[in-house]
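Biologist: I am new to this model and would like a close look at one helix, followed by how the surroundings are organised. Please take it slowly.

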Amino acid sequence: MSDKQTYTVNLPQTDFPMRAGLPQQEPKWIKRWQEEGIYNKMLAKDAPKGTFLLHCGPPYANGNFHVGHVLSCSLKDFVVRSKMMAGYRTPFVPGWDCHGLPIEWKVEQDLRKNSSSKDELSISQLRDLCRKEAKQWVGAQKEDWRRIGVVADLDKPYLTMDKGNEAGIVRALGAMAASGAVYRGVKSVNWSTVEGTALAEAEIEYQDHTSMAIYVTFPVVGKDDEYVVIWTTTPWTMPANRAVAYSDEVEYVALTIKADDSHPPHINEHYAGKRFWVASDLVEDFASTLKISEYETTEPQLGTNFADTKLNHPFMDRIVPMLAGDHVTVESGTGFVHIAPAHGAEDFELGKKAGLDLVCPVAGDGAYEEFVDDDSFADGLKLAGLNIWKAQDAILTHMREKAVLLKSYKYKHSYPVSWRSKAPLIFRTTPQWFVELDKSGIRQKALQSIDDIQKNGGWIPETGYKRIRGMIEGRPDWCISRQRVWGVPITIFTDQKTGEPLMDKAAFEAIASKVEKHGIDAWETMSTAELLEGYSYAGNIADLEKETDILDVWFDSGTTWLHVLGLRDDLQYSDRDSTTPADLYLEGSDQHRGWFHTSLLTGAAIIGHAPYKAVLTHGFVVDGNGRKMSKSVGNVIAPEKLISQYGMDIVRLWIAASDYREDVRVSNDIIKSTTDSYRRLRNTFRYLIGNLSDFDQSKHAVAYNDLPELEKWVLSRLQTEMVEAQKSYEQYQFNRVYQGLHNFCATELSNLYFDIRKDALYCDVKNSERRRACQTVLFALLQGLTTHLAPLLPFTTDEVWHATHTDAESIHLQPFFAGDEAWHVPALEEKWQTIWGLRHNINKAVEPLREQGLVKTNATTDITAIVAKDVYKVVADINMLELLMAAEFSMSEGDSTEIKVAVTNHGKCPRCWQHMADIGTDASQPDLCSRCADAEINNAEVAA
């Protein structure tokens with residue numbers, strides 16, 4: 001035989017590349033999807049299951065997407081694509097939150113860089129700059145969405161700054177106002193002195209912060225050298241003190257400090273011999289902090305004994321009462337609480353109940369008001385006009401000079417900051433607009449909705465249920481007013497003679513119609529009469545005054561279910577009950593206090609229940625060590641870097657493989673591991689495509705009943721995996737979809753079926769029944785794997801589909817491949833588990849020969865097996881030689897399993913590389929085994 005002898009082996013034929021080149025190829029597919037109008041074609045498809053609406057929460061229009069955005073957008077795309085392929089109509093409209101402080105703040109910073117100021121601009125001019133800033137980032141983030149590979153209406157997204165949406169926000173406010181839920185009141189609210197506005201709970205973060213903690217003495221009126229001691233970490237609030245609170249249930253003692261050389265000098269000089277009231281449980285902490293060791297205490301007395309006690313303010317000409325307070329504890333401090341009603345929620349409520357002065361002495365910019373000095377002594381401390389933070393040193397110095405400051409020290413604790421500017425916040429009592437939660441029934445309706453959603457398994461993961469329920473149960477009334485410019489005005493008029501606000505829903509509708517035409521600037525540019533044109537006001541229009549505050553930006557996004565889903569025709573339900581606008585909300589877990597929260601409150605207020613049926617939350621993206629990503633730490637991974645290096649399909653596969661219910665880790669090592677998994681899936685597709693190059697389903701398919709049992713087992717396993725994948729998609733368990741299909745490809749297909757049938761595919765007669773049977777199964781595998789992986793890997797599956805279905809519609813317009821229920825035979829799968837177990841044990845018996853270098857593969861072995869009766873009964877009718885790919889195999893029944901392996905004496909067929917006993921039996925092909933000789937003859941006849 002010549003060394004150059006060639007044979008008609010049926011090698012795989014495909015142009016499908018082994019190397020994906022995803023970063024270079026994906027943009028081409030994105031462009032093609034746009035040109036083909038894939039999104040609109042998806043909506044036009046028959047939807048036997050009706051409409052499924054995932055309402056897209058609006059990301060904020062500033063800055064490019066970070067890797068957390070990529071996680072969230074990919075998960076949404078998984079949902080939309082899988083629901084479409086399951087038979088739903090899936091309109092998906094992204095949107096952007098465009099109003100609010102971050103954009104206005106950025107515009108102000110840009111103005112300052114150019115030596116300008118917002119004070120030089122009209123409100124309309126400042127808003128125009130904000131619109132321009134928001135529009136810029138909407139455009140940038142649109143491209144981020146596209147690069148992620150989402151299928152969505154990115155040509156017509158919703159923007160909260162669009163006139164129609166702004167009018168919808170006004171209508172939502174009108175609906176809530178008309179129900180009596182909206183009111184104006186004075187309360188102590190979170191306030192940013194840097195940003196000059198009130199903030200909602202959702203806009204607050206907590207960070208480690210170092211404050212100045214102080215022990216301050218309040219002289220007891222009518223008793224010499226007797227003091228009540230308070231502890232606070234906000235010295236700047238001391239000028240606003242109006243009372244000291246105690247607990248009726250706490251026991252207190254009077255501690256007398258003795259002079260002692262071990263004491264700090266100022267203690268001996270100013271405080272020795274005096275009596276200081278503190279809680280009994282805190283005496284040791286108190287003494288230790290002050291570094292005093294010599295003291296004596298009185299018998300404890302309950303806090304009730306302080307009722308009617310009056311105190312002198314430490315440094316102002318003011319007498320303050322002692323009041324019982326339910327919020328007083330002995331966890332830290334002295335057991336007495338300094339009450340500044342202008343600067344604390346609990347302080348405010350106690351002060352309001354006691355009739356204390358509630359006026360705030362601190363302006364919106366953090367400077368003390370002029371009247372702060374009204375109670376100052378003639379030679380006392382003057383604070384008017386000073387910034388509170390800068391004034392603290394002056395306050396401490398003055399209290400030291402007055403000998404009322406026992407101690408001051410730095411104290412590190414968790415402190416609220418603005419999540420935008422990161423500036424520390426204060427509590428500040430001001431007139432604000434609120435949404436009332438209890439009398440209006442909003443809280444109870446919201447809680448009922450939370451419970452109803454939980455009954456239907458709608459909190460995903462279930463931990464979201466307790467989290468949001470606790471937040472709704474304990475939250476205060478919603479402060480919806482902001483003292484800024486870039487936002488929807490609070491379109492409420494107040495009658496200056498009666499003090500009554502105009503809350504008629506018809507008035508809001510009249511205003512909304514003007515906003516719909518002219519935008520929010522109409523509130524400033526149009527007169528009251530023009531705004532209310534078409535509305536009949538019973539009073540004198542001239543007495544009406546416009547509100548100057550704007551709405552909390554969370555009100556904008558929290559009502560999108562009404563002014564987006566309620567107005568766009570493409571998002572309407574035409575085929576079923578639409579009383580609940582959205583089937584699903586999906587965002588990060590921080591939105592329990594944000595978008596999920598405010599949408600729930602507005603839904604409860606306007607339609608009586610939540611605007612969604614289910615809520616899915618994902619964790620944050622953290623680094624490989626589980627640490628939060630931070631520029632200062634240097635562990636931030638930019639999504640564009642990941643995409644440009646690996647491709648978006650690999651990023652999507654990383655997301656699919658992760659358990660999004662917890663924080664999701666990412667690192668180069670994790671992505672590289674994902675790349676290996678992707679390569680296995682891609683190689684599976686390449687194997688299938690290559691071995692189907694000469695297969696025509698209409699001509700060559702083998703009927704199910706005529707398939708060998710091995711092929712029937714593969715189809716049963718495929719049917720099982722497809723059903724499980726669809727079930728996992730339905731439950732939003734994308735990692736199970738990935739795990740099931742990846743393991744199926746890597747283990748049962750690659751390691752078993754492909755390895756075994758490679759010989760038949762390559763070396764059998766081209767049209768042999770066994771080969772065509774195998775190709776029939778490969779075709780089914782290609783359909784099943786491509787469609788079921790398409791929601792996760794849209795680029796790669798699109799490439800596969802175009803390589804194999806040149807005339808068919810896009811993969812993204814296909815349903816999940818259904819297979820055939822008859823394929824699923826559990827008993828067959830159970831039987832083959834036993835067969836594979838025997839094969840595994842036999843292969844283990846070959847290993848010693850491999851390790852000795854006597855054999856490389858089973859092909860060079862003769863195997864004899866005595867098989868236990870229970871196993872033999874299962875495998876007796878199976879061609880184990882074919883499954884083992886050995887030279888010889890014989891099997892008999894016995895009491896236990898015993899396996900013997902020897903090196904074969906058979907020669908090697910150069911065409912199939914198998915060691916066979918029948919080499920040379922065909923005289924026309926003396927070098928080949930009989931199977932290969934027959935194949936050569938038949939293939940030659942077919943070619944002729």
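How many of the ten residues of helix H20 (residues 648-657) are buried?

Modeller: This is a predicted model, in which local features need pLDDT of at least 70 and side-chain atom pairs 80 or more, while totals for chains, interfaces and linings use all residues. Numbering starts from 1 along each chain, and side-chain values use heavy atoms, without hydrogens or water.

Nine of the ten residues of H20 are buried (under 20% relative accessible area), so this helix (a DSSP H or I run of at least four residues) is largely enclosed by the rest of the structure. The buried residues are Met648, Asp649, Ile650, Val651, Arg652, Leu653, Trp654, Ile655 and Ala656.

Turning to the nonpolar cores (buried Ala, Val, Leu, Ile, Met, Phe, Trp, Tyr and Cys joined through side-chain atoms within 4.5 Å), the largest has 215 residues, of which Val182, Tyr612 and Leu781 touch the most other members. Helix H24 (residues 734-763) gives this core its largest share, 14 residues. Leaving aside residues up to four places away in sequence, Val182 touches (heavy atoms within 4.5 Å) several residues, among them Leu173, Met176, Trp433, Phe434 and Ile480. A second core, separate from the largest, has 50 residues, including Ala198, Val244, Leu282 and Val328.

There is also an open sheet of four strands (DSSP E runs of at least two residues), arranged in the order S1-S24-S25-S18 with parallel pairing (at least two DSSP bridges). Strand S1 (54-55) and strand S18 (459-460) lie at the edges, each pairing on one side only. Helix H18 (residues 595-606) packs on this sheet, where it touches S1, S24 and strand S25 (612-618).

Terms used:
Axes fitted to C-alpha atoms, helices over the stretch in contact; angles between N-to-C directions. Buried < 20%, exposed > 50% of the residue type's maximum accessible area, 1.4 Å probe, protein only.
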